[in-house]
Amino acid sequence: MIIFKTIISFLKDKHYNSLLIATVIVLAVGTTTYHYLEHWTWLDSLYFSIITLTTIGYGDFSPQTDWGKIFTIVYIIVGVGLILTFINTVYNHFKNIPKDHFNHKN
């Protein structure tokens, strides 16, 4: 139950909320673009968008079209900073929650 309270408190904060919305938009743009440019499934497109922007890059997918490669260059430049900021913000949010916050039984 505490995890839901924590997520709700995270989503209610306007600073976090706008960052979350921007992250979802960037992932949606990437997913949609890869789906149509590379003819990948929606799941494969989302998967590639996430592993690209989190800099994991397993190498199991890579753009094969010129437009897909050009989009990926721009997508990485725009998206990596945003995704890393989002991950860092989530980390700091949970790091700053008092430890006794997780020990309460409801």
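Student: How much accessible surface does the protein chain have?
Tutor: First, this is a predicted model, where local features need pLDDT of at least 70, side-chain atom pairs count only at pLDDT 80 or more, and totals for chains, interfaces and linings use all residues. Residues are numbered from 1 along each chain as its sequence is written, and side-chain values use heavy atoms, leaving out hydrogens and water. Accessible areas come from the Shrake-Rupley method with a 1.4 Å probe, and for residues only the protein chains shown count as cover. Carbon and sulfur atoms own 69% of the surface, and the whole of it comes to about 7300 Å².

Student: Which helix has the highest confidence?
Tutor: We go by pLDDT, the predictor's confidence in each residue, from 0 to 100. The protein chain averages 84, with 87% of the residues scoring at least 70. Confidence is lowest in helix H1 (residues 2–12), at a mean of 72. At the other end, with a mean of 95, is helix H3.

Student: What pattern do the helices and strands make along the sequence?
Tutor: Both are DSSP runs numbered from the N terminus: helices are H or I with at least four residues, strands are E with at least two. The protein chain has four helices and zero strands. Read along the sequence, that gives α-α-α-α.

Student: What percentage of the 106 residues is buried?
Tutor: Let's sort the words out: buried means under 20% relative accessible area, exposed means over 50%, and partly exposed is in between (1.4 Å probe, protein chains only). In H2, the buried ones include Tyr-16, Leu-19, Thr-23, Val-26 and Leu-27. Over the whole protein chain, buried residues make up 30%.

Student: Is His-39 buried or exposed?
Tutor: His-39 sits in the loop between H2 and H3. It isn't a glycine, yet its phi is positive, about 60°. Because its relative accessible area is 67%, His-39 counts as exposed.

Student: How far apart are the end C-alpha atoms of H3?
Tutor: The expected span of a helix is 1.5 Å times one less than its number of residues. H3 has twelve residues, so it should span 16 Å. That agrees with the distance in the model, which is 17 Å.

Student: Which helices are among what covers the buried residues of H3?
Tutor: Those buried residues are Ser-45, Phe-48, Ser-49, Ile-51, Thr-52 and Leu-53. We look at contacts, meaning heavy atoms within 4.5 Å. The cover includes H2 and H4.

Student: And Thr-55, is that buried or exposed?
Tutor: Thr-55 lies in the loop between H3 and H4. Its phi is positive, about 65°, although it is not a glycine. Since its relative accessibility is 54%, Thr-55 counts as exposed.

Student: How much accessible area does the nonpolar patch have together?
Tutor: Patch residues need over 30% relative accessible area and no salt bridge; like charges are joined within 9 Å, nonpolar side chains (Val, Leu, Ile, Met, Phe, Trp, Tyr) within 5 Å. A salt bridge is a side-chain nitrogen of Lys or Arg within 4 Å of a carboxyl oxygen of Asp or Glu. One member, Ile-70, lies in helix H4 (residues 66–95) and is partly exposed at 44%. With Trp-67, Ile-73, Val-74, Ile-77 and Val-78, Ile-70 forms a patch of about 680 Å².
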